[in-house]
Amino acid sequence: MNRLLARIWRAARPFQWRLVRLANPTFLCGVTGVVRDGDGRVLLLKHRLWPPGRQWGFPGGYAHAGEQHADTIVREVREETGLAVTVGRVLEVRSGYRHRIEVYYEARLAGTLDGLALDDREVLEARLFDPENLPADIQPVHRRLAKAIGSWTGGVT
């Protein structure tokens, strides 16, 4: 029986990915940039569409089909703030919220906030914070990642 299944699977090669997709749930991939400046401060945005009491967090958004996750960070930061970043290593991957995974990348702000141009449809405010002095209404996972920034080694230079 296993040999027969293997033969059928190999014969279906042009359609394998479609079969796998039909048999498995589809996931959204959120990509978040833990963006810091040269002084170690973190860039936080006050998101218009996030729940009250948890509106502060890192920039990010959903990856487009076929988009590299590092490119998602660059695009999302530019769209939300008008700023440029250099993307470093993956810090964490989380799952468990329905059909969504979250990928967190370390990123470095290229320059200062001088070119800040907020997308007011999504973002109310953007500021740099010392990781030890974060706003009270920050997302809990973002608070943890911001506080862990001091223990990271390597990454973006």
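**Note on the predicted model: strands, helix 3 and the largest pocket**

1. Strand 1 and strand 4 run antiparallel and are joined by three bridges. Within this pairing, Val 31 has Gly 61 of strand 4 as its bridge partner. The model is a predicted one, and the points below should be read as a description of that prediction.

2. On strand 6, strand 1 has a parallel partner, with nine bridges between the two. Val 34 stands opposite Glu 106 of strand 6. Strand 1 covers residues 28-36 and strand 6 covers residues 100-109. Eight of the nine residues in strand 1 are buried, so the strand is largely enclosed by the rest of the structure.

3. Strand 2, residues 42-47, is also mostly covered, with five of its six residues buried. Strand 2 runs antiparallel to strand 7 (residues 123-129), and six bridges join them. Val 42 stands opposite Phe 129 in this pair. Strand 2 pairs with strand 3 as well, again in the antiparallel sense, over two bridges. There Lys 46 stands opposite Trp 56.

4. Gln 55 sits in the loop that links strand 2 to strand 3 (56-57). Is this loop residue buried or exposed? Gln 55 has a relative accessibility of 13%; buried means under 20%, and Gln 55 therefore counts as buried. Apart from neighbours within four places in sequence, Gln 55 is in contact with Leu 45, Lys 46, His 47, Arg 48, Trp 50, Leu 124 and Asp 137. Of these contacts, Lys 46 is the residue that stands opposite Trp 56, and Trp 50 reappears in the pocket described in point 7.

5. Helix 3 takes in residues 69-81, 13 in number. At 1.5 Å a residue the helix should span 18 Å, and its end C-alpha atoms are 18 Å apart, which agrees. The buried residues of helix 3 are Thr 72, Ile 73, Arg 75, Glu 76, Val 77, Glu 80 and Thr 81. An α-helix has 3.6 residues a turn, so residues three or four places apart point the same way. Just after the helix, Gly 82 takes a positive phi of about 80°.

6. Glu 80 belongs to helix 3 and has a relative accessibility of 1%, which means that it counts as buried. Which residues does Glu 80 touch, not counting those up to four places away in sequence? They are Leu 45, His 47, Pro 59, Gly 60, Ala 117, Leu 118, Asp 119, Glu 122 and Val 123. Leu 45 and His 47 are also among the contacts of Gln 55. From Glu 80 to Arg 41 the separation is 39 residues in sequence and 18 Å in space, C-alpha to C-alpha.

7. The largest pocket has a volume of about 750 Å³. Its lining is made up of 28 residues, and Trp 50, Tyr 62, Arg 100, Glu 102 and His 142 lie nearest the pocket centre. By residue class, the lining divides into twelve nonpolar, nine polar and seven charged.

8. Which elements each supply at least two residues of that lining? They are strand 1, strand 4 (60-62), strand 5 (85-97), strand 6 and helix 4 (140-148). Strand 1 thus appears in the pocket lining and is bridged to strand 6 and to strand 4.

Methods
Residues numbered from 1 in each chain as written. Predicted model: local features only at pLDDT ≥ 70, side-chain atom pairs only at ≥ 80, totals over all residues. Heavy atoms only, no water. Helix = DSSP H or I, 4+ residues; strand = E, 2+ residues; numbered from the N terminus. Buried < 20%, exposed > 50% of the residue type's maximum accessible area, 1.4 Å probe, protein only. Contact = heavy atoms within 4.5 Å. 1 Å grid on protein atoms, 1.4 Å probe; cavity = no way out; pocket = protein on both sides within 12 Å on 5 of 7 lines; lining within 4 Å. Points joined across faces, edges and corners; volume = space filled by probe spheres on them. Nonpolar A, V, L, I, M, F, W, Y, C, P; charged D, E, K, R; others polar. Expected span 1.5 Å × (residues − 1). Pairing = 2+ DSSP bridges.
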